[in-house]
Structures are given as C-alpha cells and as structure tokens.
Amino acid sequence: MRLAAVGAVAVAALATAGSSSPSLRTQAVEPSTLSEALRVSARLGPVPSATRIQLLLSLRTPAVAAALRTGLPSAARTPLGPSTHDVVPALAFLRAHGLRVSWHTGDAVALASGGAAAVERLLDERLVRYETPGGRRFFGEEGQPLLRGPLARAVTGVAAEVVEAGDAG
C-alpha cells in the first residue's frame with residue numbers, strides 16, 4: 001500500500017538551523033505544506049543511518065472502517081479498538097525490520113523506533129534532509145513509502161520524528 005507523502009512519513013523538524021544572517025531567517029516565510037516545503041527547500045543529503053527515528057503508527061480500527069463503509073449506526077455496534085489479529089503481525093513485522101515497538105491492546109496508535117537505515121528498509125524509501133529558506137531543518141522521503149505485508153492491513157498513517165540525531169556526515 002503506497003501512502004501519499006503527507007499521510008505517510010510526515011515532515012519532522014530536526015532543529016532550527018543556525019544562520020550566518022539571522023535577519024534573513026526572520027524575514028523568510030516558512031512553507032505551510034509538505035509539497036511546498038519540498039519545492040522551496042535546499043536538499044542537504046541523506047539522513048545519517050545512525051539517526052534514531054520514532055514512528056507514530058495510526059492503526060486501522062473496525063469502527064472507523066464501518067462508519068466509512070455503511071454510516072454511523074453500524075459503527076456503533078463495531079468494536080472501537082484495532083484488531084489484535086491485524087496489529088500483532090504488524091508489530092512482529094516492525095521488529096523483524098530492527099525496530100523497537102510499543103503498543104497496548106485497544107490503543108489506536110503504536111510507536112516504533114530505530115535507526116534511519118532500519119526505517120528506510122521498512123518503508124523501502126530513502127530519507128533525505130532538507131532546510132527551508134527560513135533555516136528550519138526537516139526530513140522526508142524521496143518518493144512515496146510503501147507499507148507492505150501486515151503493515152498494509154493494520155496501519156492507516158505514519159508520522160515520524162527524530163529522537164536522536166546522528167552525525168551529519
């Protein structure tokens with residue numbers, strides 16, 4: 001399952017970069033959308049593989065799916081939390097890709113964390129660092145990440161943030 005860039009790995013701010021000209025940074029208008037940010041930002045290169053990234057995974061819930069399919073009355077008779085039948089294999093898939101996972105039965109989100117290289121293998125995408133004209137640094141994927149196997153059945157969206165920066169290289 002391919003996700004649109006906004007619904008997949010969201011742009012995550014790494015840090016506000018220092019600038020040799022602070023007055024230029026304060027005058028720059030920051031982009032308001034991912035597509036605009038990617039269009040106007042300088043590409044800094046790949047995210048270092050040692051960078052630790054945390055993923056927030058939005059899990060498919062039967063009640064939401066039922067509401068979208070048939071309307072709210074049928075959703076009221078559907079269990080609220082995600083199905084462990086779908087989530088447990090997705091968590092095992094994340095672990096098999098070298099990520100640490102955290103999820104409690106019934107929660108609509110799960111957390112996964114690991115090195116950038118593991119996240120890239122998981123999503124089958126290269127993570128790239130960017131800097132906006134205003135000096136804000138973020139990362140995104142080069143294309144559209146792919147949620148494969150059990151992730152495609154259990155996950156509806158992914159957001160990411162850097163929890164520990166690796167060497168810029």
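Q: Does Glu-120 count as buried or exposed, and at what relative accessibility?
A: This is a predicted model. Glu-120 lies among the buried residues of H6. Buried means under 20% relative accessible area. Glu-120 counts as buried because its relative accessibility is 16%.

Q: Which side chain meets that of Glu-120 in a salt bridge?
A: The N to O distance of the pair is 3.7 Å. A salt bridge requires a side-chain nitrogen of Lys or Arg within 4 Å of a carboxyl oxygen of Asp or Glu. The partner counts as partly exposed, at 42% relative accessibility. The side chain that meets Glu-120 is that of Arg-126.

Q: How many salt bridges does the count come to?
A: One of them joins Arg-126 and Glu-120. Another joins Arg-137 and Glu-131, with the closest N and O atoms 3.4 Å apart. By the 4 Å rule, the count comes to 2.

Q: Is Arg-137 buried, exposed or partly exposed?
A: Arg-137 forms a salt bridge with Glu-131. Glu-131 is buried, with a relative accessible area of 19%. For Arg-137 the relative accessibility is 31%, so this residue counts as partly exposed.

Q: Why is H6 largely enclosed by the rest of the structure?
A: Helix H6 covers residues 116-123. Its buried residues are Ala-116, Ala-118, Val-119, Glu-120, Leu-122 and Leu-123. H6 is largely enclosed because the buried residues number 6 of the 8 in the helix.

Q: Which elements do the buried residues of H6 pack against?
A: Helix H6 lies across E3 and E5, and runs at about 120° to E5. Both strands are among the packing partners of its buried residues. The full set is E3, H5, E5, strand E6 (127-131) and helix H7 (149-154).

Q: Which residue follows H6, and what is its phi near?
A: H6 spans residues 116-123. The residue that follows has a positive phi. It is Asp-124, with phi near 55°.

Q: In what order do the 4 strands of the open sheet stand?
A: The pairing in this sheet is antiparallel. Its edge strands, each pairing on one side only, are E4 (100-102) and E8 (155-164). Neighbouring strands are turned by 20° against each other on average, direction ignored. The order is E4-E5-E3-E8.

Q: Over how many bridges do strand E3 and strand E5 pair?
A: Strand E3 holds residues 52-59 and strand E5 holds residues 109-115. Ile-53 has Gly-114 as its bridge partner in E5. The two strands pair in the antiparallel sense, and the number of bridges is 7.

Q: At about what angle to E4 does helix H5 run?
A: Helix H5 comprises residues 84-96. H5 lies across E3, E4 and E5. Relative to E4, the helix runs at about 155°.

Q: Which residues is Ser-113 in contact with, leaving aside its neighbours within four places in sequence?
A: Ser-113 lies in strand E5. It counts as buried because its relative accessibility is 16%. Contact means heavy atoms within 4.5 Å. The residues in contact with Ser-113 are Arg-52, Ile-53, Gln-54, Leu-99 and Arg-100.

Q: What accessible area do Leu-56, Val-109 and Leu-111 have together?
A: These residues form a nonpolar patch on the surface. Val-109, whose place is in strand E5, is partly exposed, with a relative accessible area of 37%. Together the patch residues have about 200 Å².

Q: What distance separates the C-alpha atoms of Pro-82 and Pro-62?
A: Pro-82 sits in the loop between helix H4 (72-75) and H5. It is buried, with a relative accessible area of 7%. Beyond four places in sequence, Pro-82 touches residues including Pro-62, Val-87 and Trp-103. Pro-82 and Pro-62 are 20 residues apart along the chain, and their C-alpha atoms are separated by 6.4 Å.

Q: What share of the contacts with a separation of 6 or more comes from residues 24 or more positions apart?
A: The chain contains 7 helices and 8 strands. The pair Pro-82 and Pro-62 is 20 residues apart, which falls short of the 24 positions used here. Residues 24 or more positions apart account for 70%.

Q: What percentage of the residues of the chain count as buried?
A: The accessible surface comes to about 9100 Å², with 55% of it belonging to carbon and sulfur atoms. The chain has 169 residues. Those that count as buried make up 40%.

Conventions: Residues numbered from 1 in each chain as written. Predicted model: local features only at pLDDT ≥ 70, side-chain atom pairs only at ≥ 80, totals over all residues. Heavy atoms only, no water. Pairing = 2+ DSSP bridges. Axes fitted to C-alpha atoms, helices over the stretch in contact; angles between N-to-C directions. Buried < 20%, exposed > 50% of the residue type's maximum accessible area, 1.4 Å probe, protein only. Areas by Shrake-Rupley, 256 points an atom, 1.4 Å probe, with all protein chains shown as cover. Patch = residues over 30% accessible without salt bridge, like charges linked within 9 Å, V, L, I, M, F, W, Y side chains within 5 Å.
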